Amino acid sequence: MSEHPLDRFDLVPDAAAEAAFLDAFDKGRLHHAWLLCGVEGSGKSTFAYRAARRLLGAAPDPSRGLLGTRPDDPVARLITAQSHPDLLVLERAVEGGKTKKSISVDQARDLPEFFSKSPSQAKYRVAIIDAADDLNLNAANALLKVLEEPPERGVLFLVTHAPGRLLATIRSRCRRLAFPVWPLHALEDLVRNRTGVPSAEAVRIAAMAAGSPGQALALASGATLEADQLAQAWVAASDLDRAEILSVADKFRGAEGQERFETLMDRLIAAVKVRALEEGKSGARWAELWERLSELPDRAAAINLDRADVLAGALADLQRTKARA
């Protein structure tokens with residue numbers, strides 16, 4: 001399993017973004033809200049926690065980048081333990097082992113109460129919304145009220161993978177920081193240095209990661225890489241081994257099973273997308289399959305479908321697509 005952004009101290013997401021933020025901080029022109037934009041896994045959340053550590057008083061460690069701090073710094077340790085009183089993080093709640101589809105208005109209403117209080121241990125109070133794309137409409141409106149009346153000594157970081165989906169009134173009240181995709185050579189170096197996988201494997205993982213360092217690190221973890229290899233084999237195979245499918249589906253029980261299911265579906269969707277792109281103009285059926293599979297996990301969660309049945313249905317759809325292609 002890849003590291004949570006809370007635990008990443010040696011990964012610098014984007015030096016230019018860190019320089020821009022630090023320049024505003026040092027010159028006393030710190031904006032109250034920062035919109036962190038880029039593809040999923042491009043380091044936006046990692047940046048938010050790095051900036052939060054600096055704002056909340058962690059001592060700088062230049063050897064770890066412009067916003068670097070040491071993991072054993074007292075402030076950093078409080079943040080890692082999710083117990084710093086001046087930091088609030090909003091993300092989709094987990095109930096009964098299942099992650100909710102959105103950030104609720106009740107969660108968003110914690111923001112004005114949080115910012116109404118003075119900092120208790122630092123110069124600022126900091127909130128991270130990860131991701132702002134997950135706010136439902138009422139929650140987005142609650143956030144807008146906070147942005148319309150910027151809190152004194154308060155700073156908001158809004159992580160977004162699709163800024164165009166946010167309310168224009170939210171976007172207009174934030175300073176935007178863009179996180180570009182990483183070049184292949186940088187992803188290869190990252191994977192080799194952080195995981196120790198062989199060079200040939202690092203090259204393959206970098207190519208699959210589509211410019212995303214977070215995705216590259218996730219793919220380099222054993223379980224994710226295994227799921228990706230299985231998904232690619234299923235897409236390429238002329239026929240599927242029913243016994244193998246049943247064995248995989250048997251591991252979908254419980255909270256860990258949910259994670260395995262989500263990982264496998266994610267890699268299957270990615271493998272079908274690659275196939276659709278490879279087929280070009282003749283890949284319309286693969287593109288349609290990709291669209292159907294992309295919607296499947298959310299629809300399955302909404303009506304609580306059995307994970308094994310969802311996988312079986314997805315693979316049956318895959319086989320029909322191969323037969324028609």
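Which residues does aspartate 134 touch, not counting residues up to four places away in sequence?

## Aspartate 134 and its loop

Setting aside residues up to four places away in sequence, aspartate 134 touches Arg92, Ser102 and Ile103. This is a predicted model, so let's see where that aspartate sits. Aspartate 134 is found in the loop between β5 and α6 (137–148). With a relative accessibility of 22%, aspartate 134 counts as partly exposed, because the buried class ends at under 20%.

Lysine 100 is 34 residues away from aspartate 134 along the chain, and the C-alpha atoms of the two are separated by 9.5 Å.

## How confident is the model?

The average pLDDT of the protein is 91, and 98% of the residues score at least 70. Confidence is highest in strand β2 (residues 87–90), at a mean of 98, and lowest in strand β4 (residues 98–99), at 77.

## Two nonpolar cores

The largest nonpolar core holds 29 residues, of which Phe21, Trp34, Leu36, Phe47, Val126 and Phe157 touch the most other members. Two or more residues of this core come from each of α1 (15–26), β1 (33–37), α2 (44–55), α3 (74–80), β5 (125–130) and β6 (154–160). The top contributor is α2, with 6 residues. Apart from this core lies another one of 28 residues, including Ala249, Leu268, Leu296 and Leu311.

Phenylalanine 157 is a handy place to start looking around the largest core. Leaving aside neighbours within four places in sequence, phenylalanine 157 is in contact with the aromatic residues Phe21, Trp34 and Phe47, and with Leu36, Ala48, Ala51, Ala52, Leu55, Val126, Ala127, Ile128 and Ile129.

## A buried aspartate in α11

Is aspartate 228 buried or exposed? Aspartate 228 counts as buried, because its relative accessibility is 3%, and buried means under 20%. Aspartate 228 belongs to helix α11 (residues 222–236). Not counting residues up to four places away in sequence, aspartate 228 touches two arginines, Arg204 and Arg267, along with Met208 and Leu219.

## The second largest pocket

If you are looking for pockets, the second largest has a volume of about 220 Å³. Its lining consists of Leu240, Arg242, Ile245, Leu246, Ala249, Ala308, Asp309, Ala312, Leu315, Ala316 and Gln319. By class, that lining has 8 nonpolar, 1 polar and 2 charged residues.

Two helices, α12 (242–249) and α15 (307–324), each supply at least two residues of the lining. The largest share, 6 residues, comes from α15. Ala249 appears in this lining and is also a member of the core of 28 residues.

Terms used: Residues are numbered from 1 along each chain as its sequence is written. This is a predicted model: local features need pLDDT of at least 70, side-chain atom pairs count only at pLDDT 80 or more; totals for chains, interfaces and linings use all residues. Side-chain values use heavy atoms; hydrogens and water are left out. A nonpolar core is a set of buried Ala, Val, Leu, Ile, Met, Phe, Trp, Tyr and Cys residues joined through side-chain atoms within 4.5 Å. Buried means under 20% relative accessible area, exposed over 50%, partly exposed in between (1.4 Å probe, protein chains only). Helices (H or I, at least four residues) and strands (E, at least two) are DSSP runs, numbered from the N terminus. Contact means heavy atoms within 4.5 Å. On a 1 Å grid over the protein atoms alone, a cavity is a set of points where a 1.4 Å probe fits but cannot get out, and a pocket is an open set with protein on both sides within 12 Å along at least five of seven lines; lining residues have an atom within 4 Å of a point. Grid points are joined across faces, edges and corners, and a volume is the space filled by probe spheres set on the points. Ala, Val, Leu, Ile, Met, Phe, Trp, Tyr, Cys and Pro count as nonpolar, Asp, Glu, Lys and Arg as charged, and the others, Gly among them, as polar. pLDDT is the predictor's confidence in each residue, from 0 to 100.
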